[in-house]
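Work through these exercises with the structure open beside you. Try each task before you read its solution.

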Amino acid sequence: MPARIIKGSEISDQIKQEIKVETQRLKQDCGITPGLVTILVGNNPASVSYVTAKQKTAHELGFYSVQENLPQDISEKGLIDLIDRYNLDQRIHGILVQLPLPKHIDEHKIINTISPDKDVDCFHPLNLGKLLIGGDDVVFKPCTPAGIQELMIRSDINISGAEVVVVGRSNIVGKPLAVMLMQKGKNANATVTVVHTATKDLSSHCKRADILIVAAGVPNLVKPDWVKPGACVIDVGVNRVGERISEKTGKPVPILKGDVDFDAVKDIAGAITPVPGGVGPMTITMLMKNTLLSALMHAKRNP
Ligand code: NAD
């Protein structure tokens, strides 16, 4: 039987509706509008399209949103000064600096400059430390891992006690996701294995997984014989493998492929996310959820 398709676009629409309602309530009850600034350095096409999508969503949800477009050659100090300004700006609850940054700017320094209270990407070491410790001190969860966890919860995938294999150990997906899913607590409590480029016999690890999450950035890496029949397969990969002309606009648009050989794996898996329309929409939605959360915390601190 072909796998159930986990439609991230539909689930993210549901969550956005919830955020919209909560945003209205916050405006009415406290006079606070969630505020998000997105900062883009240079004009890398993928970064431009991510930032545009984030701004569009913030606008649709009724947020106060600001887009900062900075030249490729802006100095590190110039960028730090701008972030410091938004750290103090009471209208802004979330600061997002689109990565990657040009080589002359130290990414770690920039992330460390963002106030942890406004770190809606959850890249700051303080927030990542809290995530590692777990429990009530966790404020933000990084957007892509949070989106994946939420997708599974809302698709009735049983995480507790499951054998989870995560392919990839990046700081933004693999590592934080592994930490989140292994915590003792609700919607976690899994046995997690993280595999990466130095792992011997990758496929044998993947084949053990009740939940296989792939964030490697290698198109069609996971083949059907790597997947346990009935497993839940979450494909995080977004790989630009070419261009096609859009029927709607007549303009070239990228052809996107995931890290999983979807057409073949869907006949083996029990549930699977497509690319596009799976994890991608959830990432932006969780960014909005974090911004709302930050605004709610601001309201609590300033009654
Ligand atoms: P990254 O390059 O920082 O990390 C990739 C990880 O995969 C590394 O830890 C590496 O060890 C591992 N890896 C690479 N090739 C491998 C192989 N052949 N076998 C085993 N492990 C391998 O990438 P990232 O930022 O974590 O992103 C991974 C993918 O997810 C990319 O395609 C990216 O575009 C996508 N992504 C999507 C979203 C989304 O919202 N949908 C968000 C973030 C990243």
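**Exercise 1. The ligand**

How far is an oxygen atom of the ligand from a polar backbone atom of Ala 215? Then find other backbone atoms that an oxygen atom of the ligand approaches, and describe the surroundings.

Solution. The model is predicted.

Step 1. The distance at Ala 215 is 3.5 Å, from a ligand oxygen to a polar backbone atom.

Step 2. Val 236 also offers a polar backbone atom, 3.4 Å from an oxygen atom of the ligand. For Arg 169 the corresponding distance is 2.8 Å.

Step 3. Of the ligand's own accessible area of 850 Å², the protein covers 71%.

Step 4. Now look at the shell. The ligand is surrounded by 22 residues. The closest are Arg 169, Ser 170, Val 236, Val 238 and Thr 283. Helix H10 gives the largest share of this shell, three residues.

**Exercise 2. The sheet**

In what order do the six strands of the open sheet stand? Find its edges, then follow two of its pairings.

Solution.

Step 1. The order is S1-S11-S8-S7-S5-S6, and the pairing is parallel.

Step 2. S1 (4-5) and S6 have a single partner strand each, so they stand at the edges. One side of each therefore has no neighbour in the sheet.

Step 3. Take S7 and S8 (residues 232-235). Four bridges pair them in the parallel sense. Leu 212 stands opposite Val 233 in S8.

Step 4. Take S5 and S6. They run parallel and are joined by five bridges. Val 166 has Val 194 in S6 as its bridge partner.

Step 5. Check the cover of S5. Four of its five residues are buried, and S5 is mostly covered.

**Exercise 3. Helix H7**

Why is helix H7 described as largely enclosed by the rest of the structure? Name what covers its buried residues.

Solution.

Step 1. A residue counts as buried under 20% relative accessible area.

Step 2. H7 spans residues 174-182, and seven of its nine residues are buried, so the helix is largely enclosed.

Step 3. The buried residues are Gly 174, Pro 176, Leu 177, Ala 178, Val 179, Met 180 and Leu 181.

Step 4. Their cover includes helices H5 (125-133) and H6 (143-154). It also includes strands S5 (163-167), S6 (191-195) and S7 (211-214).

**Exercise 4. The nonpolar core**

Which residues touch the most other members of the largest nonpolar core? Trace where the core comes from.

Solution.

Step 1. Start with a general tendency. In soluble globular proteins, nonpolar side chains tend to be buried together.

Step 2. Here the largest nonpolar core has 47 residues. Ile 148, Met 152, Ile 211, Ile 213, Ile 234 and Met 288 touch the most other members.

Step 3. Helix H1 (8-30), H6, S5, H7, S7, S8 and H10 each give two or more residues to this core. H10 gives the largest share, nine residues.

Step 4. Zoom in on Ile 234. Among the residues it touches are Ile 6, Ile 148, Met 152 and Val 279.

**Exercise 5. Two serines**

Compare Ser 294 and Ser 9. Is Ser 294 buried or exposed? Is Ser 9 buried or partly exposed?

Solution.

Step 1. Ser 294 lies in helix H10 (residues 279-301). Its relative accessibility is 2%, so it counts as buried.

Step 2. The side chain of Ser 294 reaches the backbone oxygen of Asp 117 at 3.1 Å. Ser 294 also has contacts with other residues, including His 93, Val 120 and Phe 140.

Step 3. Ser 9 lies in helix H1. Its relative accessibility is 33%, so it counts as partly exposed.

Step 4. Ser 9 touches Gly 277 and Pro 281. Ser 9 and Pro 276 are 267 residues apart in sequence, yet their C-alpha atoms are 8.9 Å apart in space.

**Exercise 6. Unusual backbone**

Which residue does a cis peptide bond join to Pro 276? Then look for positive phi values.

Solution.

Step 1. Recall the usual case. Most residues other than glycine have a negative phi, and most peptide bonds are trans.

Step 2. Val 275 is joined to Pro 276 by a cis peptide bond, with omega about 0°. Pro 276 lies in the loop between strand S11 (271-272) and H10.

Step 3. Another cis peptide bond joins Leu 99 and Pro 100.

Step 4. Asn 187 has a positive phi of about 60°. It sits in the loop between H7 and S6.

Step 5. Asn 189 has a positive phi near 65°. Its loop also runs between H7 and S6.

Methods. Residues are numbered from 1 along each chain as its sequence is written. This is a predicted model: local features need pLDDT of at least 70, side-chain atom pairs count only at pLDDT 80 or more; totals for chains, interfaces and linings use all residues. Side-chain values use heavy atoms; hydrogens and water are left out. Buried means under 20% relative accessible area, exposed over 50%, partly exposed in between (1.4 Å probe, protein chains only). A polar contact is a pair of N or O atoms within 3.5 Å; within protein, one must be able to donate a hydrogen and the other to accept it, and residues adjacent in sequence count only if both atoms are side-chain atoms. Contact means heavy atoms within 4.5 Å. Two strands pair if DSSP finds at least two bridges between them. A nonpolar core is a set of buried Ala, Val, Leu, Ile, Met, Phe, Trp, Tyr and Cys residues joined through side-chain atoms within 4.5 Å. A residue is near a molecule or strand if one of its heavy atoms lies within 4 Å of it. Accessible areas come from the Shrake-Rupley method with a 1.4 Å probe; for residues, only the protein chains shown count as cover. Lists of a residue's contacts leave out its neighbours within four places in sequence.
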